[in-house]
Amino acid sequence: MKTFEDFKIKKQLYNAIVDLGLEKPTPIQQESFSPILAGNDFVGIAQTGTGKTFAYLLPILQDLKYSEQPHPRVLILVPTRELVIQMMEEINKLIPYISTRVVGVYGGTNIKTQKKAIGDGIDIIVGTPRRLYDLALTNVLRLKFIKKLVIDEVDIMLDFGYKTQIRNIFEYLPRKRQNILFSATMTTYVDDLIDGFLINPVKKTISISGTPLDTISQECYAAPNFYTKVNLLKHLLSDKAEFNKVLIFTSTKNNADRLFEALEIDFASEVSVIHSSKTQSHRSTSIENFENGTSRILIATDVIARGIDIEKISTVISFDTSFYAENYIHRIGRTGRAEEQGRSILLYSEKETELKEAIEKLMNYTIPVRELPAEVEISTQLTPEERKILFPEEEEEVIIEVEREGGAAFHEKSAKNSKVNAERKSYKRKLQERYKKPIKRGDKIQNMKAKKRKR
Ligand code: AMP
């Protein structure tokens, strides 16, 4: 276990740490200090509360020499105005004995004032991507001297759709620079960013300490597809006493919306949905309703759910099995807090089995499997995404139809059709065998109801 003394931190910085009463570096600080100080590209997977901000600020400030040059050498990008303000506070805590010039920039405020502050000369600039890019377009903010780029809360940043702004900002940065990325969760977008822009990064993951496995009962259900999962959920959620405050996770915004539509039919105002494409006021209302008990079911994506602090969640349901095993731990950590018993239910399809096994390996625990209740209908209805995977021929069928009208195409088309139909039949048979019950089509009727409601 390293101490702050082991880091050989310069005196002025060390004095600030002593003033703050920090006794020893947190695990992420232990893992990041040396590789960041050494100038490596770095990826830290750590949540707020782990001390991750100081994990990159300490080595950056340790390395930042006094300079009178006007243009910034460190750029820190964060997704929201609130985070810029918070980041400025954190930096200011560490620099009372160092003369470091820091400016925070974000939208919705007077750009002229920000330009003036930048023009006075700065060492570190903290900002949201859009405003930062606007400033980079002017001659006032020159990014050519940036030596270190930090992107914090990368998952939220990408989920908010800042990908283009980030790429645009990259165009203004020198190629030779150190990239430091921090994210609470891994997502495929974060992976893409790492692959595209980082060079042999050192990667450290801080798993949530004290994963409260003891206070959370876990179970899982095998369900072949989206709408069978919906049927199962409807069955479970009808027990209002047991499922009184339920957080349901989906991996995509699409699935969150689709699930909301399906559940809304039976549960109406009891269910809300949030993800990053919903407006701020929609998100606030949904969270408020869930918190005060107006709605007892909240559907959320991984990234957005992380930012909300809601107590006393009775059950966490993973509607989609999380692609990154760590995310499952984050999810279930939302229930069973403060010594209370929590419950986690994972739904997995055949193609999600491998993901479930990765989760079990990470936890070193096999999640008990429950039989689908007899009342739950196995659906043969598929979402467009599931259809694409199961019947890739279907798309070709349409193309052939359009390309070659007339006699010859007819035979080809009907041959294709019969093949697809045969595949569909075999899918139904497969489900029948696997789940050993007749396959009904009840959900189709519900779907028609949904369409009617929308009109
Ligand atoms: P963060 O994860 O960066 O949001 O930090 C969460 C809180 O932990 C902040 O209020 C920091 O001031 C505090 N903190 C950071 N490093 C340490 C440390 N080594 N010991 C105790 N508290 C810390």
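The following exchange concerns the ligand site and the two sheets of a predicted model.

Modeller: This is a predicted model, in which local features need pLDDT of at least 70, side-chain atom pairs count only at pLDDT 80 or more, and totals for chains, interfaces and linings use all residues. Residues are numbered from 1 along each chain as its sequence is written, and side-chain values use heavy atoms, with hydrogens and water left out.

Colleague: Which residues around the ligand come nearest?

Modeller: A residue is near a molecule if one of its heavy atoms lies within 4 Å of it. There are 15 residues around the ligand, and Lys24, Gln29, Gly49, Gly51 and Thr53 come nearest.

Colleague: What makes the approach of Gln29 to the ligand a polar contact?

Modeller: A polar contact is a pair of N or O atoms within 3.5 Å; within protein, one must be able to donate a hydrogen and the other to accept it, and residues adjacent in sequence count only if both atoms are side-chain atoms. A side-chain N or O atom of Gln29 is 2.7 Å from a nitrogen atom of the ligand, so the pair qualifies. The backbone also takes part: an N or O atom of Gly51 lies 2.7 Å from a ligand oxygen, and a polar backbone atom of Thr50 is 3.1 Å from an oxygen atom of the ligand.

Colleague: How much of the ligand does the protein bury?

Modeller: By the Shrake-Rupley method with a 1.4 Å probe, the ligand taken alone exposes 500 Å², of which the protein buries 71%.

Colleague: Which helices supply at least two residues of the shell?

Modeller: Helices are DSSP runs of H or I with at least four residues, and strands are runs of E with at least two, numbered from the N terminus. H3 (52–63) and H4 (81–94) each supply at least two shell residues, and H3 gives the most, with 3.

Colleague: Why are E3 and E7 called edge strands?

Modeller: Two strands pair if DSSP finds at least two bridges between them. The open sheet of 7 strands has the order E3-E4-E2-E5-E6-E1-E7, with parallel pairing. E3 (102–105) and E7 (202–205) each have a single partner strand, so one side of each lacks a neighbour in the sheet.

Colleague: How do you know that E5 and E6 pair?

Modeller: E5 (residues 148–151) and E6 (residues 178–183) run parallel and are joined by 4 bridges, so the requirement of at least two is met. Ile151 has Leu181 in E6 as its bridge partner.

Colleague: What is the strand order of the other open sheet?

Modeller: Its 7 strands follow the order E10-E11-E9-E12-E13-E8-E14, with parallel pairing. The edge strands are E10 (271–274) and E14 (369–370), each pairing on one side only.

Colleague: What makes E12 and E13 a pair?

Modeller: E12 (residues 315–318) and E13 (residues 342–348) run parallel with 4 bridges between them, so they satisfy the pairing rule. Ile317 stands opposite Ile345 in E13.
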